[in-house]
Amino acid sequence: MGYIQANEIEKKRKNQVIKWDFNKSELNDNSIVLNDFLERLGFKESDDIQICFIQEQTGVFLTANPVSFKEIKGKNISNINVFYDSKNYGTQQKFLKTQNEDAFGVFFAVSGVRNGSERKVRVQFIDYDCGKDTTYFNEFQKAHDFKEEDLKNASFEKVELHTQASREDGQIYRYAVKTYKKQTIIEKLKLDFLEKNKQFLNSAIVINTKNGFHIYWVVEEGKKELFSPLQAALARKFGSDTSVTDLARVLRLPSFYHLKDISSPYLIEVVHWGEREETGGWKVHTQQELIENFGLQALVEEFQTVLVPNKIENV
């Protein structure tokens, strides 16, 4: 399992929710996986990596100062640390392991850093999540009735009704019913997704998250002006998160726990590394190859028009 719940141990810190319980061999394996994953994405020793910590129960989002891959490479995963500039407490050292034990998910900026000209298009990727469905209503009674009906469905872990209000005047303009599926149902849907799309995933890196997958296709000489339209086209094709189109995106690092539900930690793992060329190297693509191989030309052209205002931000 690799962890012990905080109520079963003597907590070292106030906010601690789990204790890592990997043995020495497991820690070494996890360290290798993390190192290999970043190298597989195309990070070089001189490249910067920006780590972020997200406490999803509270919404706290900490963006650490970038570090070079050289500073992380080869380190035991328990000893990797970064620095975070706090407005109230100055510069603080943050160990990735400690933050994860204290209910923070561990994320990284896929483009290296979240902002600035140093961002690079190393990959195109999708965030596929089948853990919940959201249905919107303009009337409260219809939303309430829908929720009550969903509560009878044995496939759902829980059902919530949320109001959404205007930022300008605070008036409620719609209602959202969120249905969260049971993990057994999610695992079946994940297997169905892999089977349905296996022809497109051979060369991809597939990361198993609690509610779905993060899937990366490594690209060479990626163009920033093509990044967002291709992201949007991939999301449309695979039915994944349509908001994942920006170069500032952060995704979960493997070998750390998903802790959105602290009573049920879930280890993020690499389940597929891609495929090798005859020369032995990992297969990579150009963006145009992805467009042609996946039949995305029409979608990319559509989104190039729609996403024109965002091009400046992505350059």
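Which strands does α7 lie across, and at about what angle does α7 run to β10? The helix lies across β10 and β15, and its direction makes about 35 degrees with β10. Keep that helix in view, since we'll come back to it. One thing to bear in mind throughout is that this is a predicted model.

Let's step back and take in the whole chain. You're looking at 9 helices and 19 strands. The radius of gyration comes out at 21 Å, and the globule rule gives 20 Å for 315 residues, so the chain is as compact as a globular protein of that length. Along the principal axes, the C-alpha trace spans about 60 × 55 × 40 Å. Of the 315 residues, 47% count as buried. The contacts also reach far along the sequence: take those between residues at least 6 apart, and 65% of them join residues at least 24 apart.

Now for the sheet under α7. It's an open one, built from 4 strands in the order β10-β15-β14-β19, with antiparallel pairing. The edges are β10 (123–129) and β19, each of which pairs on one side only. On average, neighbouring strands here are turned by 25 degrees against each other, if you ignore direction. Helix α1 (residues 24–40) packs on this sheet too, touching β14, β15 and β19, and its direction makes about 140 degrees with that of β14.

Zoom in on β14, which covers residues 205–208. With β15 (residues 212–218), β14 pairs in the antiparallel sense over 4 bridges, and a hairpin of 3 residues joins the two. To check the register on screen, find Ile-205 opposite Tyr-216 and Val-206 opposite Ile-215. On the β19 side (residues 269–272), the pairing is again antiparallel, this time over 3 bridges. Here Asn-208 has Glu-269 as its bridge partner.

What about the side chains of β14? In a regular strand they alternate between the two faces of the sheet. In β14, Ile-205 and Ile-207 sit on one side, with Val-206 and Asn-208 on the other. All four are buried, and both faces of the strand are covered.

That brings us to the nonpolar interior. The largest core has 74 residues, and those with the most contacts inside it are Phe-37, Phe-108, Tyr-216, Trp-217 and Leu-253. Tyr-216 is the residue we just met opposite Ile-205. Our opening helix turns up again here: α7 (residues 224–238) supplies the largest share of this core, 7 residues. Apart from this core lies another one, of 6 residues, including Ala-143, Phe-156, Tyr-175 and Val-177.

Finally, swing over to a polar residue in another strand. Asn-81 is found in β7, which runs over residues 81–86. Is Asn-81 buried or exposed? Its relative accessibility is 17%, and the cut-off for buried is under 20%, so Asn-81 counts as buried. Which side chain does the Asn-81 side chain make a polar contact with? That would be the side chain of Lys-75, at 3.4 Å. Leaving out residues up to four places away in sequence, Asn-81 touches Lys-75, Gln-93, Lys-94, Phe-95 and Leu-96.

How values were computed:
Residues are numbered from 1 along each chain as its sequence is written. This is a predicted model: local features need pLDDT of at least 70, side-chain atom pairs count only at pLDDT 80 or more; totals for chains, interfaces and linings use all residues. Side-chain values use heavy atoms; hydrogens and water are left out. A nonpolar core is a set of buried Ala, Val, Leu, Ile, Met, Phe, Trp, Tyr and Cys residues joined through side-chain atoms within 4.5 Å. Buried means under 20% relative accessible area, exposed over 50%, partly exposed in between (1.4 Å probe, protein chains only). A polar contact is a pair of N or O atoms within 3.5 Å; within protein, one must be able to donate a hydrogen and the other to accept it, and residues adjacent in sequence count only if both atoms are side-chain atoms. Contact means heavy atoms within 4.5 Å. Two strands pair if DSSP finds at least two bridges between them. Axes are lines fitted to C-alpha atoms, for helices over the stretch in contact, and angles run from 0 to 180 degrees between N-to-C directions. The radius of gyration is taken over C-alpha atoms; the globule rule is 2.2 Å times the number of residues to the power 0.38.
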